[in-house]
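Here are my comments on the model, set out as numbered points. Please read them alongside the coordinates.

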Amino acid sequence: MAPNTLSQIQQIGTGVAFIVFPLVFVFAFALHPRLLRPRLLRPEEIMRRARGQKLLHLGHALVLLNTGFLIVASVHFMSILGGSKGAWAGFVGAIPAVLGAIILAADKGALCLTMSALDTVPDAEFAAMRPGLLAIFAKKGWLWLLWGIVLLPAGFAVQTVGLLQAQALPTWQSVLFLVGVLFVGTPDGLEIVNLSASVLMAIAMVPYGIRLIANAL
């Protein structure tokens with residue numbers, strides 16, 4: 001395959017990543033129940049809310065797959081910041097962003113996809129499993145590592161500061177993405193905030209993804 005062709009494919013793939021990842025977040029957060037009645041949820045309430053929610057499970061499965069696009073986005077930011085004023089921010093931010101994306105995938109696997117399997121269990125058997133499930137949703141044992149999900153927005157925030165410093169993107173896009181990424185990790189029960197943050201990220205990044213694809217064609 002000619003180098004130019006390969007470069008085009010890579011740029012198109014990167015553009016697709018920037019279009020898809022914020023839109024997946026918008027879709028997934030929009031599926032959460034009681035969006036307009038926000039309140040922080042305890043582990044047991046989060047567990048109950050996930051019971052029998054097929055659309056919610058679909059959204060969580062898409063977020064798990066979406067982590068690959070997040071890694072592509074972070075590596076791209078590091079690449080375009082290389083050799084600029086924001087080079088260190090691009091590199092330093094990429095490390096927690098990629099680790100956070102991996103932890104996000106683990107979070108969706110441990111706390112979300114498992115609940116889709118348990119939907120096949122009768123209510124009586126599910127009730128008997130509640131103490132163990134509560135330990136999972138309370139992040140007991142090594143599940144405390146899932147708190148590392150905060151590395152994802154932190155890493156992207158550092159990279160966005162670099163984008164602003166280097167003026168690698170129009171200021172309005174960088175600012176909207178920064179605000180969005182800082183609030184997209186809001187705790188369970190306040191998904192209206194996450195949804196709003198995802199919309200801001202989509203407004204900022206979808207046009208950027210389209211531009212990458214257009215420039216590659």
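1. From the N terminus on, the elements of the chain run α-α-α-α-α-α-α-α-α, which amounts to nine helices and zero strands. Please keep in mind throughout that this is a predicted model, and that each value below is computed from it.

2. On overall dimensions, the radius of gyration of the chain is 19 Å, and this agrees with the value near 17 Å that a compact globule of 217 residues would have. The C-alpha trace spans about 60 × 35 × 35 Å along its principal axes, a set of extents that may be worth quoting beside the radius of gyration.

3. On packing, 42% of the 217 residues in the chain are buried. If one takes the contacts between residues at least 6 apart in sequence, 81% of them join residues at least 24 apart. The chain exposes about 11,000 Å², and carbon and sulfur atoms supply 71% of that area.

4. Which residues make the nonpolar surface patch of about 990 Å²? The patch is built from V75, M78, W88, F91, V92, I95, L99, I102, V150, L151 and V158. Helix 3 (54–81), helix 4 (87–118) and helix 7 (151–166) are the elements that each give two or more residues to it, and helix 4 supplies the largest share, with six residues. V75, one of the patch members, lies in helix 3 and is partly exposed, its relative accessible area being 40%; because patches are made of residues with over 30% relative accessible area, V75 clears that cut-off.

5. The salt bridges come to nine by the rule applied, and two of them deserve to be read together, since both involve R51. In one, R51 pairs with D119, with the closest N and O atoms 4.0 Å apart; R51 lies in the loop between helix 2 and helix 3, whereas D119 lies in the loop between helix 4 and helix 5 (123–128), so the pair ties together parts that are 68 residues apart in sequence. D119 counts as partly exposed, at 25% relative accessibility. In the other, D123 is the partner of R51, and here the closest N and O atoms are 2.7 Å apart. This pair also links distant parts of the chain, with D123 in helix 5 and R51 in the loop between helix 2 and helix 3, 72 residues apart. D123 is exposed, with a relative accessible area of 58%. I would note that the 4.0 Å pair, R51 and D119, should be read against a salt-bridge cut-off of 4 Å.

6. Are the partners D107 and K108 buried or exposed? Their side chains meet in a salt bridge at 3.5 Å, N to O, and both residues are buried: D107 has a relative accessible area of 8%, while K108 stands at 14%. Elsewhere, R39, R42 and E45 are joined into one network by salt bridges that share partners.

7. Finally, R49 lies in helix 2 (residues 43–50) and counts as buried because its relative accessibility of 16% falls under the 20% cut-off. The side chain of R49 makes a polar contact with the side chain of E191, at 3.1 Å. Leaving aside residues up to four places away in sequence, R49 touches H32, P33, L41, L56, D188, G189 and E191, so E191 appears both in this contact list and as the polar partner of R49.

Terms used
Residues are numbered from 1 along each chain as its sequence is written. This is a predicted model: local features need pLDDT of at least 70, side-chain atom pairs count only at pLDDT 80 or more; totals for chains, interfaces and linings use all residues. Side-chain values use heavy atoms; hydrogens and water are left out. Patches are made of residues with over 30% relative accessible area and no salt bridge: like charges are joined within 9 Å, nonpolar side chains (Val, Leu, Ile, Met, Phe, Trp, Tyr) within 5 Å. Accessible areas come from the Shrake-Rupley method with a 1.4 Å probe; for residues, only the protein chains shown count as cover. Helices (H or I, at least four residues) and strands (E, at least two) are DSSP runs, numbered from the N terminus. Buried means under 20% relative accessible area, exposed over 50%, partly exposed in between (1.4 Å probe, protein chains only). A polar contact is a pair of N or O atoms within 3.5 Å; within protein, one must be able to donate a hydrogen and the other to accept it, and residues adjacent in sequence count only if both atoms are side-chain atoms. Contact means heavy atoms within 4.5 Å. The radius of gyration is taken over C-alpha atoms; the globule rule is 2.2 Å times the number of residues to the power 0.38.
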